[in-house]
Amino acid sequence: VGKITSFNETEDGRYLIILNGICRYKIIDEITNDKLYRECKINFDNYTNDLNKIKQEEIKFSNFKSIFNEIKILFKKQGYLINWKDLEKQTLYQTINTLAMASPFSLEEKQILLETNTLVERKKKLEEILKTYISGSFENTTLQ
């Protein structure tokens with residue numbers, strides 16, 4: 001579930017939408033319809049922590065310093081250019097999500113990161129995944 005923070009209509013009638021995530025959910029069933037968009041029955045039970053942003057674990061940017069350094073090394077190896085100044089303007093939660101999804105991880109690894117319930121769990125998973133990539137023997141030429 002998200003909040004539309006910006007949208008533009010293109011000349012050909014399409015809409016470009018920027019959506020900021022509020023809460024993850026699990027699709028229970030897809031509703032058959034004749035509309036140009038999907039409708040689903042969803043369940044939020046596993047992700048209620050997403051709504052508790054006030055105390056979303058007392059974790060700070062400094063707890064992620066080694067991860068950020070490793071990600072910078074990985075991005076440099078892969079030829080990625082990241083505007084770190086823009087990332088610093090985001091919340092820690094947004095920064096971690098952005099870096100995880102922009103990284104050259106497999107779709108399965110990205111899915112694992114998306115499905116972790118807390119930022120502490122996501123940090124642990126991210127550390128595990130990064131170990132594989134930083135070891136020097138990894139090569140992924142697919143941009144995802």
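The following exchange between a student and a tutor works through the predicted model shown above.

Student: What kind of model is this, and which pLDDT do local features need?
Tutor: Residues are numbered from 1 along each chain as its sequence is written, and side-chain values use heavy atoms, with hydrogens and water left out. The model is predicted, so that side-chain atom pairs count only at pLDDT 80 or more, while totals for chains, interfaces and linings use all residues, and local features need pLDDT of at least 70.

Student: Which pattern does the protein chain follow along the sequence?
Tutor: Helices (H or I, at least four residues) and strands (E, at least two) are taken as DSSP runs and numbered from the N terminus. On that basis the protein chain has 5 helices and 4 strands. Read along the sequence, the pattern is β-β-β-β-α-α-α-α-α.

Student: What percentage of the 144 residues in the protein chain is buried?
Tutor: A residue is called buried under 20% relative accessible area, exposed over 50%, and partly exposed in between, with a 1.4 Å probe and protein chains only. For the protein chain of 144 residues, the buried share is 26%.
The surface can be described as well: with areas from the Shrake-Rupley method and a 1.4 Å probe, where for residues only the protein chains shown count as cover, the chain exposes about 10500 Å², of which carbon and sulfur atoms supply 53%. The value asked for, the buried share, is 26%.

Student: How many degrees does the arc of the buried residues of helix 5 cover?
Tutor: Helix 5 runs over residues 119-134 and reaches 21 Å from its first C-alpha to its last, close to the 22 Å expected, where the expected span is 1.5 Å times one less than the number of residues. Its buried residues are Leu 119, Arg 122, Lys 123, Leu 126, Ile 129, Leu 130 and Tyr 133. They lie on the same side of helix 5, because the arc around the axis, taken from the directions from the helix axis to the C-beta atoms, is only 135 degrees.

Student: Which helices are included in what covers the buried residues of helix 3?
Tutor: The buried residues of helix 3 are Leu 92, Tyr 93, Thr 95, Ile 96, Leu 99 and Ala 100. Seen down the axis, these residues fall within an arc of 165 degrees, so they line one face of helix 3. With contact meaning heavy atoms within 4.5 Å, the cover of the buried residues of helix 5 includes helix 1 (65-78), helix 3 (92-102) and helix 4 (107-115). For helix 3 itself, the cover includes helix 1, helix 2 (84-88), helix 4 and helix 5.

Student: Which residue forms a salt bridge with Arg 38?
Tutor: Side chains of opposite charge can pair when their charged atoms come close, and a salt bridge here is a side-chain nitrogen of Lys or Arg within 4 Å of a carboxyl oxygen of Asp or Glu. The count by this rule is 4 salt bridges, among them Arg 14 with Asp 12 at 2.9 Å, N to O, and Glu 39 with Lys 35 at 3.3 Å, N to O. Arg 38 is exposed at 58% relative accessible area, and its closest N and O atoms are 3.0 Å apart in the salt bridge with Glu 30.

Student: Is Arg 24 buried or exposed?
Tutor: Arg 24 is found in the loop between strand 2 and strand 3, and its C-alpha atom is separated by 8.4 Å from that of Glu 115, 91 residues apart along the chain. Not counting residues up to four places away in sequence, Arg 24 touches residues including Phe 44, Tyr 47, Tyr 93, Glu 115 and Arg 122. At 17% relative accessibility, Arg 24 counts as buried.

Student: Where is Asp 29 placed?
Tutor: At 40% relative accessibility, Asp 29 counts as partly exposed. Not counting residues up to four places away in sequence, Asp 29 touches Cys 40 and Lys 41, and the C-alpha atoms of Asp 29 and Glu 39 are separated by 8.9 Å. The place of Asp 29 is in strand 3.
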